[in-house]
Amino acid sequence: MLDYHVHTRYCRHASGEVKEYVIEGMNKGLKEIGISDHYPISHLPQLSYNDYSMDLQEFPSYKREVNQLKKIFNSKIDVKLGAEVDYLKAEESTLRKNLASEDVDYLIGVIHLLDNWIIDDPRNTHKYLEYDLNAFYNKYFDEIQNLIRSGLFDIVGHIDVIKKFNHIPEEGIEQYLMPCLESIADKELCLEVNTSGMDRPVKDTYPGKNFFKIMFDMGIQITLGSDAHQPSEVGRHFEVILKLLKNVGYSGLISFKNREKELTKI
Ligand SMILES: [Zn+2]
Ligand SMILES: [Zn+2]
């Protein structure tokens, strides 16, 4: 089992040292843990660093620390170096430049920022009321399609996080999500099953459990992430979710080494 979506104190809104997450993963019997803290947001002038991510200048020490832990824990648990990266079409060229020289195991592409506000920040839930939900969902999933097309990422992270606070159009999510799943299958990208949503108002994974069978039938390869922001959250809800994934036919999860895919049995 692996957990590929873990934050650390580097991002300024999670607690715990990298090492504490690794030890937690080991204690929970994980074979592998991917550290994927928020990539510096220098390509997003709309945001401030203060409570969101490390500075671009800090990224080398983050990488160094994770790489050291790789060696230290070598025989006990596989530690991988990743990052969760904010995508925005408007800032794609800057991001492409920044990422070109990054030597990491994998990059998770996500969207948090839309219309200049963070859509998954609990302080912003009132903002959803200002929108026509259909139009806002279209906008979000168009941006997800851009993310997929960009070719910058190995993994698409919390693909439908827009549902986090239960602001969901009456007709549901399927019509928005399906075209994105098709693009992911076409591009042979890896899709993250993110379990953090189970502890949020929506009480479901991203993407939702209803889509597991569809994803499998489409041949979509997946990985698993807890989106832990404190060490105790590593591997949260994995047991129950793995069972569901196996039930629909999945027998492996994708892991990455130097941006190359590997298949791990579950
Ligand atoms: Zn995120
Ligand atoms: Zn995250």
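Strand 1 and strand 2, the latter covering residues 32–38, run parallel and are joined by two bridges. Leu2 is placed opposite Glu32 of strand 2. I should state at once that this is a predicted model.

That pair belongs to an open sheet of seven strands, in the order 1-2-3-4-7-8-9 and with parallel pairing. Strand 1 (2–3) and strand 9 (221–225) form the edges; each has a single partner strand, so one side of each lacks a neighbour in the sheet. Helix 2, residues 59–72, lies across strand 2 and strand 3 (78–86), and its direction makes about 155° with strand 3.

Let me turn to the core. The largest nonpolar core contains 68 residues, and Ile33, Val156 and Leu191 have the most contacts inside it. Helix 4 (residues 133–150) supplies the largest share of this core, six residues. Beyond its neighbours within four places in sequence, Ile33 is in contact with residues including Leu2, Val6, Tyr21 and Val79.

Finally, helix 5. At 1.5 Å a residue, the 14 residues of helix 5 (residues 174–187) should span 20 Å, and the end C-alpha atoms are indeed 20 Å apart. Which residues of helix 5 are buried? They are Tyr176, Leu177, Cys180, Leu181 and Ile184. These cover an arc of only 120° around the axis, and therefore lie on the same side of helix 5. Their cover includes helix 4, strand 7 (155–156), strand 8 (190–194) and helix 6 (212–217). On the face turned away from the buried side, helix 5 carries the exposed residues Glu174 and Asp186. Just after helix 5, Glu188 adopts a positive phi of about 55°.

Note on methods. Residues are numbered from 1 along each chain as its sequence is written. Chains are lettered from A and ligands numbered from 1 in the order in which they are written. This is a predicted model: local features need pLDDT of at least 70, side-chain atom pairs count only at pLDDT 80 or more; totals for chains, interfaces and linings use all residues. Two strands pair if DSSP finds at least two bridges between them. Helices (H or I, at least four residues) and strands (E, at least two) are DSSP runs, numbered from the N terminus. Two residues are in contact if their C-beta atoms, placed from the backbone, lie within 7 Å. Axes are lines fitted to C-alpha atoms, for helices over the stretch in contact, and angles run from 0 to 180 degrees between N-to-C directions. A nonpolar core is a set of buried Ala, Val, Leu, Ile, Met, Phe, Trp, Tyr and Cys residues joined through C-beta atoms within 7 Å. A residue is buried if 20 or more other C-beta atoms lie within 10 Å of its own, exposed if 12 or fewer, and partly exposed in between; C-beta atoms are placed from the backbone. The expected span of a helix is 1.5 Å times one less than its number of residues. The arc is that of the directions from the helix axis to the C-beta atoms.
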